[in-house]
Amino acid sequence: MTTETPVEPVDVVVIGTGPGGEDAAARLARAGLDVVAVEARLVGGECPYYGCIPTKMMVRAADALAEARRVATIAGRADVHPDWEPVARRIRDEATTGWDDTAAVERLESAGGRLVRGRGRLAGPGEVVVTTADGERRLRARRAVVLNPGTEPLVPPVDGLAGTPYWTNREAVEAAEAPASLTVLGGGAIGCELAQVFARFGTAVEVIEAGERIVAADEPEASDLVAARFAAEGIGVRTGTSARRVSYDDGSFVVDLDDGTQVASERLLVATGRRTDLAALGVASVGLDEHARTIAVDDRLRAAEGVWAIGDATGHGAFTHVSMYQARIAVADILGDGDERADYRAVPHVTFTDPEVGAVGLTEAAARDAGLTVRTGVTDLAASSRGFVHGPGNEGLIKLVEDADRGVLVGATAAGPAGGEILAVLTLAVHAQVPTAQLRRMIYAYPTFHRAIESALADLDED
C-alpha cells in the first residue's frame with residue numbers, strides 16, 4: 001500500500017530563483033501572498049555566482065593589466081606581473097562568499113517568501129512537484145506559477161568530449177589559477193570575454209568558432225574590432241570550423257577540427273551556447289511544447305492558464321536585465337494592478353571584451369530583413385577628440401541604424417572604451433523613438449566619447 005504525498009496549498013510557486021525569479025518571489029511575498037520559491041542550486045541563479053558579477057571581476061582585473069601595459073606609451077614605465085590569486089580570492093570572498101547563498105536566502109525570507117530546496121516540475125495546472133533530498137513535495141498554487149528555470153551550458157555531442165574534465169563558464173569562474181594554455185569552443189560573448197581574460201594573465205588561447213566571425217550577434221564592424229584586438233594580443237581565432245573529436249590524456253586536451261587541423265591545450269572551455277530542458281520542467285502538463293527551444297509567452301509573460309514565464313527560457317535575451325524587467329511586468333499582472341506590456345524593441349546588451357561592445361535594438365542586417373528602409377551612420381571613435389586624448393586602446397566605433405521612413409533609430413552599436421556606457425543615450429533614443437532630427441539638436445558634452453554620436457548622426461545624413 002502506498003501513501004500519496006500530501007498537497008500543500010500556497011498562493012504562488014516560483015520555480016527557479018535567478019535574478020528575475022528571486023525578484024518576483026520577493027515582490028509577491030511583500031504584497032501579502034503566500035509564496036514558495038523552488039531552487040535546486042543557488043538562490044540568485046547563474047548571474048551572481050558564475051555569470052555577470054564574477055566574470056566582470058575577471059574582466060576588470062584583466063583590463064587593469066592591459067592598461068598597465070600601455071603605461072610605457074603615455075606615462076613612463078610599469079613592470080606588470082600577472083597573478084591570478086587576487087582574482088580568485090575576490091571572486092571567492094567578495095562576489096560569491098564561497099558560492100554560499102545564505103545572504104540571498106535570508107533576503108528572500110525577510111521579504112516573506114519561503115524556500116524549498118529541490119528540483120521543481122509542473123505536474124498539471126497549478127500543480128508543482130519538487131524533488132528534494134528528503135523525497136517529493138507537492139505544491140498547489142492557488143494564484144500563479146512563475147517559471148524562471150534559467151539555462152544550463154549547452155555541451156555539443158562532440159566525439160570524446162563527454163567524460164573529460166572540460167570547463168564551462170562555471171569551472172572557469174572557480175579556477176584557482178590561470179592555465180598555461182586554453183582552447184575555447186565558441187566565439188560568442190562568454191567565450192570571447194573569458195578568452196581575453198585568461199590571455200591577459202599569460203594563458204596561450206585559441207578560440208574556435210563554427211560561424212564566419214566571433215561575437216556574431218553584433219554588427220560585423222564590431223566583430224572586426226574585437227578580432228583585430230585579439231590578433232594584436234596574440235589570441236588565436238579560427239572561424240568557419242568546429243570540433244570533430246576531443247581527446248584528453250595526461251593533463252592535456254587535443255581537439256581535432258573538421259578542417260583537418262588540431263589544437264592542443266591544458267584546458268578546454270566549452271562556450272557553445274545554453275539550453276533549458278523544458279521536458280524536465282514538465283511544461284507539457286500545462287499544454288506547452290516540451291520540444292521547443294523556449295517558452296512562448298504573451299506581452300504580460302503569460303505562458304498558459306495560471307502560468308507565467310520569465311528570463312532566459314522565454315527567448316527574449318539571456319540577460320539579467322531582461323529577466324528583471326519581465327519579473328516586474330509578470331508580478332503586476334498576477335496582482336492585477338498593472339497594464340504594462342513587454343516591449344523588446346530596445347533591449348540593450350554589452351559584451352565586456354576590450355574593446356567593449358554595447359548594442360541595442362536591430363542590427364543593420366536585421367533591420368533590412370524586417371523590410372525597413374535603412375540608413376546607417378558610422379564614426380570612428382579613435383578619431384573623436386576623446387579618442388585622441390585617450391590614445392592607446394582607443395579603437396572603437398559608433399554605428400546608428402535608422403528607419404529612414406520614420407526618421408527614428410531602430411538600432412545602435414557603441415564599441416570601444418566605455419562602449420556600454422555610451423550605449424545609455426542610444427538605448428533611450430531607440431526606446432523612446434526620439435526623432436533623429438531631435439538628436440541632432442542635443443548638446444553633447446565635450447570632450448567625451450558619447451559626443452561622437454554627433455559624428456555618427458552627420459554620417460547618417462550623408463548615407
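The following exchange covers a sheet, two hairpins and a cavity in this predicted model.

Trainee: In what order do the five strands of the open sheet stand?
Mentor: The pairing in this sheet is antiparallel, and from one strand to the next the twist averages 10°. Read across the open sheet, the order is β18-β19-β22-β21-β20.

Trainee: Why is one side of β18 and of β20 left without a neighbour in the sheet?
Mentor: In the order β18-β19-β22-β21-β20, these two strands are the ones written at the ends. Because β18 (348-351) and β20 (374-380) each have a single partner strand, one side of each lacks a neighbour, and the reason is that both stand at the edges.

Trainee: Which residue in β22 does E402 stand opposite?
Mentor: Strand β21, residues 397-403, pairs with strand β22, residues 408-416, in the antiparallel sense, and seven bridges join them. Within this pairing, the residue of β22 that faces E402 is L409.

Trainee: Which helix packs on the sheet, touching β19, β21 and β22?
Mentor: The helix in question spans residues 220-232, and its direction makes about 170° with that of β21. The contacts with β19 (356-361), β21 and β22 are made by helix α9.

Trainee: Which residue takes a positive phi in the hairpin of β11 and β12?
Mentor: Strands β11 (residues 243-249) and β12 (residues 252-257) run antiparallel and are joined by six bridges, with S247 opposite V254 in β12. Two residues lie between these strands, and the positive phi, near 55°, belongs to D250.

Trainee: And which residue takes a positive phi in the hairpin of β12 and β13?
Mentor: Here β12 pairs with strand β13, residues 262-265, in the antiparallel sense over four bridges, and D256 stands opposite Q262 in β13. This hairpin has four residues between the strands, and the residue with a positive phi, near 95°, is G260.

Trainee: Which helix gives the largest share of the lining of the largest cavity?
Mentor: A search of the whole structure finds one cavity of 30 Å³ or more, and about 30 Å³ of space lies in the largest cavity. At least two lining residues come from each of α3 (52-69) and α8 (189-200). The largest share, four residues, is supplied by α8.

Trainee: How many residues of that lining are charged?
Mentor: The largest cavity is lined by V59, A62, D63, E193, Q196, V197, R200, F352 and T353. Four of the lining residues are nonpolar and two are polar, while the number that are charged is three.

Note on methods. Residues are numbered from 1 along each chain as its sequence is written. This is a predicted model: local features need pLDDT of at least 70, side-chain atom pairs count only at pLDDT 80 or more; totals for chains, interfaces and linings use all residues. Side-chain values use heavy atoms; hydrogens and water are left out. Two strands pair if DSSP finds at least two bridges between them. Axes are lines fitted to C-alpha atoms, for helices over the stretch in contact, and angles run from 0 to 180 degrees between N-to-C directions. Contact means heavy atoms within 4.5 Å. On a 1 Å grid over the protein atoms alone, a cavity is a set of points where a 1.4 Å probe fits but cannot get out, and a pocket is an open set with protein on both sides within 12 Å along at least five of seven lines; lining residues have an atom within 4 Å of a point. Grid points are joined across faces, edges and corners, and a volume is the space filled by probe spheres set on the points. Ala, Val, Leu, Ile, Met, Phe, Trp, Tyr, Cys and Pro count as nonpolar, Asp, Glu, Lys and Arg as charged, and the others, Gly among them, as polar.
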